[in-house]
Amino acid sequence: MALPPLIGHTGLRTRLAHAVAKGALPQVILLTGPAGVGKQRLSLWLAQLVLCERRGSEPCQECRPCRLVGTLSHPDVHWFIPVPRPKASDSDKQVEEAAQNLAQAIEERRSQPLYGESDGMASHSLATVRLLQRRASLTAVEGGRRVFIIGEADRLVAQEASPEAANALLKLLEEPPAGSLFVLTTVEPRRLLPTVRSRAVTLRLAPLADAEVRGFLETSLQPRPSSGELDQRVAAAAGSPGRALQAGLAGGRAQEAADRLLAGVLAGPGPALERALNQQPWSARGEFTAMLDALAETLGEAARVSVGQPPRRELPESLLRHSGPEPLLHALERVADAREAAWGNVNPQILLAVLGQELAEVL
Ligand SMILES: [Zn+2]
């Protein structure tokens with residue numbers, strides 16, 4: 001499957017295309033901007049642009065290099081995505097394992113080009129940096145330029161944990177091999193080591209216009225959502241197509257989990273509540289926070305209905321028994337607290353048990 005089209009960022013694309021045409025593109029670039037705004041997609045576009053055989057202000061999309069990048073199979077474009085930490089104890093085996101994990105991650109992106117957030121535990125481990133070093137020391141397979149994309153670069157193992165990884169990367173960025181281009185992406189540049197940051201030219205991607213996000217959803221979602229759902233998703237996306245997508249991808253499952261929890265809480269102490277508190281869909285922290293977001297959305301919707309607004313979707317009957325919004329707003333506060341705590345190192349199961357108790361008290 002080919003990459004989804006790159007939407008928006010026209011000003012930045014024009015600047016980059018000028019730089020490429022003049023041979024003035026920096027060798028190390030840091031792309032920053034909101035989650036899901038298209039930083040890695042723009043990196044791949046840039047890879048196409050520098051490798052394209054018939055380039056104008058845009059990659060032609062038709063020449064061999066363009067097509068290879070478009071199917072994530074160009075041998076000189078190395079896209080590093082955070083992956084699970086290798087389990088092998090031998091360091092050579094770790095690098096092998098990192099390469100396999102990465103190949104698998106790329107395969108997933110190839111079969112599902114519209115992807116969600118990576119697993120909260122995935123990172124660029126020392127083994128990944130070693131792999132990057134190895135690949136950077138080779139020559140181009142196709143004889144042209146080589147592009148190294150490091151997505152979510154803030155997930156590089158912390159310097160304290162591995163000064164070796166940080167130093168190896170710094171060395172690469174300080175003296176990039178001839179003909180290579182490094183593109184790092186991050187939501188939050190301050191999470192990168194200042195020494196890494198200072199070696200890159202930082203470019204910021206602005207949120208897209210609502211109309212652009214809407215156009216993206218209209219062309220990429222099958223079946224096409226209702227106009228009302230589109231409105232909601234566009235509003236929630238705040239200019240980020242990835243966020244608009246995520247709202248749907250993880251949304252269904254998160255909503256189910258949130259509904260089970262609410263049903264358990266509303267049924268009062270008993271087996272239903274036990275089951276709801278013991279449900280374990282949380283293989284990733286992101287899934288847990290998505291459930292909390294769905295829970296907050298449902299409570300917010302119930303609060304709207306409790307002040308006489310017409311319901312925009314079906315809600316659990318027992319949530320509608322309140323004559324005013326107060327209990328629902330209190331419940332919302334508890335969910336917000338849990339959401340905050342979920343970013344720390346707290347076990348989701350423990351958070352859920354506490355939250356379940358609190359919700360049972362206020363609802
Ligand atoms: Zn081309």
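**Overall fold and a parallel strand core**

Among contacts between residues at least 6 apart in sequence, 73% bring together residues at least 24 apart along the chain. That is a helpful starting point for a reader meeting this predicted model. The secondary structure of the chain is made up of 15 helices and five strands. For a chain of 363 residues, a compact globule would be expected to have a radius of gyration near 21 Å, and the value found here, 23 Å, agrees with that expectation. The C-alpha trace extends over about 70 × 50 × 35 Å along its principal axes.

Burial and charge complete this first overview. Of the 363 residues, 48% count as buried. The chain exposes about 18,000 Å², and 53% of this area is supplied by carbon and sulfur atoms. The chain carries 40 positive and 40 negative charges, and the mean positions of the two sets lie 6 Å apart.

A good place to look next is the group of strands β2, β3 and β4. Strand β2 covers residues 77-80 and strand β3 covers residues 146-150. These two strands pair in the parallel sense over four bridges. Within this pairing, V77 stands opposite V147, while H78 stands opposite F148. On its other pairing, β3 is joined to β4 by five bridges, and these strands also run parallel. Here V147 stands opposite L181 of β4. V147 of β3 can thus be followed in both directions, to V77 in β2 and to L181 in β4.

How are the side chains of these strands arranged? In a regular strand the side chains alternate between the two faces of the sheet. In β2, V77 and W79 are on one side and H78 and F80 on the other, and all of these residues are buried, leaving both faces covered. The picture in β3 is similar in kind: R146, F148 and I150 lie on one side, V147 and I149 lie on the other, and all are buried. Counted by residue, five of the five positions in β3 are buried.

Strand β4 spans residues 180-186 and includes T185. Is T185 buried or exposed? With a relative accessible area of 1%, T185 is buried. Leaving out residues up to four places away in sequence, T185 touches L30, L31, K39, Q40, S43, I150, G151, E152, A153 and D154. One of these partners, I150, belongs to the buried set of β3, and another, E152, lies in the loop between β3 and α6 (163-174).

E152 deserves a closer look in its own right. Most residues other than glycine have a negative phi. The phi of E152, however, is positive, near 50°. At 19% relative accessibility E152 counts as buried, because the cut-off for that class is under 20%. A second residue with a positive phi is Q61, whose angle is near 70°. Q61 sits in the loop between α2 (39-51) and α3 (64-70). At 42% relative accessibility, Q61 counts as partly exposed.

The loop that leads into β3 from α5 (126-136) holds E142. This residue is partly exposed, at 35% relative accessibility. Which residues does E142 contact, leaving aside its neighbours within four places in sequence? They are R64, L68, H74, P75 and D76. R64 and L68 fall within the span of α3 (64-70). For D76, the separation along the chain is 66 residues, yet the C-alpha atoms of E142 and D76 are separated by 7.0 Å.

The start of the chain offers another example of residues brought together in space. I7 is found in the segment before α1 (10-22). I7 and L42 are 35 residues apart in sequence, and 9.0 Å separates their C-alpha atoms. Residues up to four places away in sequence aside, I7 touches R13, L208, E212 and F216. R13 falls within the span of α1, whereas L42 falls within that of α2 (39-51).

Conventions. Residues are numbered from 1 along each chain as its sequence is written. This is a predicted model: local features need pLDDT of at least 70, side-chain atom pairs count only at pLDDT 80 or more; totals for chains, interfaces and linings use all residues. Side-chain values use heavy atoms; hydrogens and water are left out. The radius of gyration is taken over C-alpha atoms; the globule rule is 2.2 Å times the number of residues to the power 0.38. Buried means under 20% relative accessible area, exposed over 50%, partly exposed in between (1.4 Å probe, protein chains only). Contact means heavy atoms within 4.5 Å. Accessible areas come from the Shrake-Rupley method with a 1.4 Å probe; for residues, only the protein chains shown count as cover. Lys and Arg count as positive and Asp and Glu as negative; His and the chain ends are not counted. The place of a charge is taken as NZ of Lys, CZ of Arg, CG of Asp or CD of Glu. Two strands pair if DSSP finds at least two bridges between them.
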